[in-house]
Amino acid sequence: MGTISLEHGDRLYWLGRYTERVFTTLKSLERLYDKLIDRDPKHYIKYLECFGLSDDFGSPEKFLQSFIFGRENCYSAAYSLERAYDNGIVLREEISTEALAYLQLAMDRLEKADASKSGLVVSLLPVEDTIFSFWGCIYDYVYDEEIKNIILCGKAVERLELCVRLKYNGELINREFERLCRNLSKIPKNTPYRYNTEQLSVLVEIIESENCCKGRENQVLTALGKLFDPVDGKGRKTA
Amino acid sequence: MKKLQFSFSTKLTFDDYVHDHSFALRFTPVESPAQHITAFGAEISPFASTRNTVDAFGNTVTSGFLQKEHRFLDFEINGIAEIDISKPKTDFMPCYRYQTHFTKPDVALSEFHRFSAEKCSCSDPYGKAMFYSEKISEQIRYEKGVTTIKTTAAEAFGLKAGVCQDYAHILLSMLRMDGIPCRYAAGLACCDGETHGWVEVWDGEKWVGIDPANDRPANEDYLILSQGRDFGDCAIDRGVMFGAYTKQLQLISSKLEEIA
Amino acid sequence: MTIADTAVCRSRPVTPVADAGEINELLRRYGVKFGIYKNGQFKEQLFPFDPIPRIIPAEDFKGIEKGLIQRVDALNRFLYDIYHEKNIINDGIVPENFVYISSGYLPQCEGITPPNKIYSHISGIDLVQGKGKEWYILEDNLRIPSGASYPLIARELTRAASPAAFSGNDIIDNRNYAKLLKETMDFANRGGINAILTPGRYNAAYFEHSYLAELTGAALVQNDELFVEDNVLYQKTYSGGKTKIGALYRRISDEYLDPLTFEPTSLIGIPNLMEAYRSGNVAIINALGNGVADDKGIYYFVPKMIKYYLGEEPILKNAPTYLPFYNEDREYVLKNLEKLVIKDVAEAGGYGVVFGRDLDEKALEDFRQTIIREPRRFIAQEVIDFLDLPILENGGEVMRKADLRAFVLSGEKTKVWASGLTRFSRNPDSFVVNSSQGGGFKDTWVLSR
């Protein structure tokens with residue numbers, strides 16, 4: 001290949017981020033749903049707090065409806081999936097028609113899940129299967145390692161960010177951080193899609209400390225957000 | 001025959017940095033039997049690698065690309081031309097017979113043409129052109145700032161005011177309504193500190209110049225930089241650039257004088 | 001040309017290839033959509049697919065193929081002539097003002113010779129079949145004809161959904177389109193990569209642009225990643241370098257292609273592309289200025305062009321056409337307006353088409369006056385009694401008007417793609433089949449025997 005445009009670099013990164021956001025959002029909401037079944041019905045307010053939001057929903061049902069299927073809610077799985085598709089549709093040559101079709105299929109299946117009478121977890125299973133198939137396509141059909149790695153960097157950044165935001169335990173966060181570092185180490189030198197080393201140092205310092213990121217979540221989130229910011233202050237656009 | 005020394009420069013300044021700046025300049029005088037260039041120099045600053053091609057109308061196009069950030073673009077030409085209008089120019093194109101975006105008449109301009117044509121006692125293209133030029137001068141007031149480079153003949157005629165470009169477009173429109181081929185000439189004229197625009201009429205065998213803004217024949221005091229169906233084909237400089245600039249300022253100066 | 005109603009055609013049962021719902025579901029999944037703007041909002045719509053294929057027997061196709069090659073070759077000769085010697089005008093075959101008043105004629109292209117003198121590399125020729133099975137040419141599209149991707153992906157999916165329909169049925173595989181397109185681009189290429197220029201994902205045909213890029217291995221590009229330096233067209237690459245583009249299959253209209261030569265306010269063009277093109281450093285597919293040859297007014301003259309340039313009798317007929325510009329034709333048109341179809345030469349996409357029979361007496365009279373005032377603006381045609389095709393609707397078959405857009409590719413040789421886009425009208429009373437007006441499409445099977 002060798003002729004990715006600058007614009008596509010960003011698109012690939014955000015394709016990885018949004019697709020991962022769909023998946024992790026679904027998984028975390030399924031766990032939350034389980035808690036909502038028989039324990040604290042106000043559990044979801046904690047989830048909202050992780051994103052700095054207050055309860056405008058009033059009921060767990062309305063909350064779940066909005067965070068899974070609400071296209072207007074920018075924290076929802078449906079919203080993220082549309083953004084993933086938006087990025088994917090201009091990357092057909094890089095990721096293949098096959099992979100793109102799985103994103104379309106995931107959107108269709110999410111709509112079906114919304115109308116389904118089955119339990120939430122069961123009705124969302126086909127969506128998750130489809131996302132796994134999408135990743136299968138990326139691993140199998142994208143020959144260019146650099147392209148593949150940009151997508152995977154986006155995926156790893158997103159996974160880590162959500163783990164930190166949702167206050168997952170330190171062990172898990174460390175594992176996801178290691179995964180991110182492995183992807184970062186594969187980025188060739190002298191390529192415009194370099195990570196920002198200053199931000200990486202901040203992450204290493206905090207995440208590898210004894211308390212992991214406890215109490216310093218905001219610093220980690222800021223550093224993660226800036227990890228792929230352009231170093232020279234121009235050139236790349238932000239999504 | 002007259003020997004003219006000419007110079008022309010424009011300074012384009014932006015209020016912020018611009019980059020990826022593509023430009024196309026039509027600033028090399030047209031070489032023709034009536035206009036022979038004996039010396040020519042051109043300079044562009046900041047330095048840009050350029051290439052020359054010749055467009056469909058016979059103009060030399062100097063194109064370039066400045067990728068790096070810059071805040072100005074200056075270019076300058078100078079040289080010596082021998083002008084001899086007794087030598088016929090015969091580079092005809094059929095498209096010169098047809099109206100363009102700039103010259104397409106509206107009802108008012110068509111009416112004015114019909115009225116003028118009825119009054120005209122000449123049947124030859126040049127005679128008609130001279131007569132129409134006189135009629136246009138009676139109708140249109142020379143005034144700067146009323147029209148822009150986008151104004152069409154019909155719009156300028158409606159405003160009853162304009163500059164050389166508008167006079168030329170109105171005359172082109174009227175001649176084409178008679179089916180007479182004619183073209184726009186852009187360049188330098190004596191005693192004019194900027195660029196000038198006028199008309200050439202096809203008399204059946206060759207091109208003859210006429211300057212409707214001054215209502216007189218275009219004689220050997222005129223230097224043609226570019227020619228085409230209308231102003232749109234002749235723009236001396238055109239450019240596209242990127243950046244956060246909000247304003248651009250263009251300063252033009254030109255000089256044309258007879259030398260021994 | 002009258003193409004015989006062959007036994008092959010009759011003996012073959014015309015049945016749906018697959019369940020319409022299943023195929024349309026697959027098409028949706030594979031993103032086979034076109035974008036439209038409705039009330040200022042961008043929406044993507046499925047292009048409805050009808051599972052009953054149009055079948056063209058081998059004998060029929062041979063005739064169509066020969067006729068199309070002849071026509072496109074003559075049109076390419078015409079374009080070269082118009083932008084150079086203009087012999088066809090000087091010899092009085094085509095009146096001068098039909099050429100120069102045409103909005104598709106671009107004087108800026110005078111004297112430019114595209115690689116191999118090919119102007120129309122990808123021609124979309126619209127045909128209809130009359131009740132007597134004879135084919136008529138309705139329209140030539142030599143600028144940016146779209147639609148090849150739809151039957152292409154539909155075939156891929158219908159073969160997967162109902163392999164039995166294809167097994168042993170002697171249907172020519174149409175999936176060679178990408179190969180034909182790539183050969184065409186490679187032949188025109190002036191050194192460098194092939195690229196497909198799209199206005200972006202909100203363009204109606206974006207699916208096609210990206211799908212063809214993927215299949216041909218061409219880079220899918222937008223103007224903001226391209227620039228012209230030293231009269232060479234480059235793509236900015238990810239690593240900060242530049243890659244030379246040798247052939248640009250552009251899916252943007254002429255007037256927006258270079259803001260320094262054409263429409264100065266164009267935001268989707270490439271400044272100085274015209275200089276790179278004139279210098280012979282990049283092939284533009286299709287060439288600029290082709291609009292002069294697919295103008296509805298020039299259409300009338302295509303059979304004359306075939307005789308003039310090739311010395312051959314036209315194999316395919318035009319629909320009977322009258323030019324109000326000629327006195328004799330004008331009289332006929334004014335007298336018979338109520339039975340004719342009138343087309344505004346400046347309009348496209350099914351707009352500006354008026355059927356005389358739909359007008360009342362006053363509207364007819366107004367229209368007559370318009371024609372008298374602006375004779376050059378219109379052409380008039382006899383309404384062809386179309387051969388209707390069966391369409392599946394609510395489980396039953398109904399008959400609808402349909403046309404066929406055939407794709408002719410001009411590279412080292414002129415070739416006709418053994419398939420095409422069959423579009424049909426979903427409205428029983430309508431003759432207009434354009435996708436922008438709610439029509440659907442069918443696969444087109446060309447048989448090998």
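Hi everyone, let's start at a glycine: just after helix α12 of chain C, G311(C) takes a positive phi of about 65°. Keep in mind that this is a predicted model.

Now step back into the helix itself. Which residues of α12, residues 302-310 of chain C, are buried? They are V302(C), M305(C), I306(C) and Y309(C). These four sit on the same side of α12(C), because they cover an arc of only 105° around the axis. That fits the familiar rule: an α-helix has 3.6 residues a turn, so residues three or four places apart point the same way.

And what lies over that buried side? The cover for the buried residues of α12(C) includes three helices of chain C, α3 (58-82), α4 (87-90) and α11 (296-299). Strands β5 (135-141) and β12 (317-318) of chain C are also part of the cover.

Zooming out, chain C is split into two domains. Domain 1 takes in 7-316 plus 385-446, while domain 2 runs over 320-382. Between the C-alpha centres of these two domains of chain C, the distance is 27 Å.

Last stop, the neighbour. On chain C, 19 residues are in contact with 20 residues of chain A. Which elements of chain C give two or more residues to that side? Those are α9 (206-216), β7 (219-221) and β9 (232-236), and the largest share, four residues, comes from α9(C). As for chemistry, the side of chain C that touches chain A has seven nonpolar, seven polar and five charged residues.

Thanks for listening, and I'm happy to go back to any of this on the screen.

Note on methods
Residues numbered from 1 in each chain as written. Chains lettered and ligands numbered in written order. Predicted model: local features only at pLDDT ≥ 70, side-chain atom pairs only at ≥ 80, totals over all residues. Contact = placed C-beta atoms within 7 Å. Nonpolar A, V, L, I, M, F, W, Y, C, P; charged D, E, K, R; others polar. Buried ≥ 20, exposed ≤ 12 C-beta atoms within 10 Å, placed from the backbone. Arc of directions from axis to C-beta. Domains from an automatic or database assignment.
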